[in-house]
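Please look over the sequence and the model shown here before reading the exchange.

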Amino acid sequence: MALGLNVPEPEETCSDEDCPFHGTLSVRGQILEGEVASTDMEKTVVVEREYDVTVPKYDRQMKRRSRVPAHAPECLTLEVGETVRIAETRPLSKTKSHVVVETVADDATEGGDN
């Protein structure tokens, strides 16, 4: 356990200054969970999360989604479609204020459908 969060430390080590495990970056605030939508940028992934919003006029739920750019430390190998947990941190760039802290194993998808 590291960072004051209940997340395991990655087995690989890295020399990334903005790594919360092996660098000097501290985390604070929100912890979000979402799916990796893009890994096209260097050291950055885009995490997409879906949530429901109530529409009072029709008394229904509407799905919304938000895309959050997050720093991807070198010690974590991330691919599109993985479910990850990201934590808020100080601003790392104009758009990045989150860092990936762990990949979440989906028990429902690993078991397979019969």
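The dialogue below takes up the fold, one strand and one residue. This is a predicted model in which local features need pLDDT of at least 70 and side-chain atom pairs count only at pLDDT 80 or more, while totals for chains, interfaces and linings use all residues. Residues are numbered from 1 along each chain as its sequence is written, and side-chain values use heavy atoms, with hydrogens and water left out.

Student: In what order do the elements of the chain run from the N terminus?
Tutor: Helices (H or I, at least four residues) and strands (E, at least two) are taken as DSSP runs, numbered from the N terminus. The chain has one helix and five strands, and their order is β-β-β-β-β-α.

Student: How many residues of strand β4 are buried?
Tutor: Buried means under 20% relative accessible area, with a 1.4 Å probe and protein chains only. Strand β4 (residues 83-89) is largely enclosed by the rest of the structure, because the buried residues number five of the seven.

Student: Which residue in β5 stands opposite alanine 87?
Tutor: Two strands pair if DSSP finds at least two bridges between them. β4 pairs with strand β5 (residues 98-103) in the antiparallel sense over five bridges. Opposite alanine 87 stands valine 99.

Student: With which side chain does the side chain of histidine 71 make a polar contact?
Tutor: Histidine 71 lies in strand β3 (residues 60-71) and counts as buried because its relative accessibility is 2%. A polar contact is a pair of N or O atoms within 3.5 Å; within protein, one must be able to donate a hydrogen and the other to accept it, and residues adjacent in sequence count only if both atoms are side-chain atoms. At 2.8 Å, the partner is aspartate 16.

Methods:
Buried < 20%, exposed > 50% of the residue type's maximum accessible area, 1.4 Å probe, protein only.
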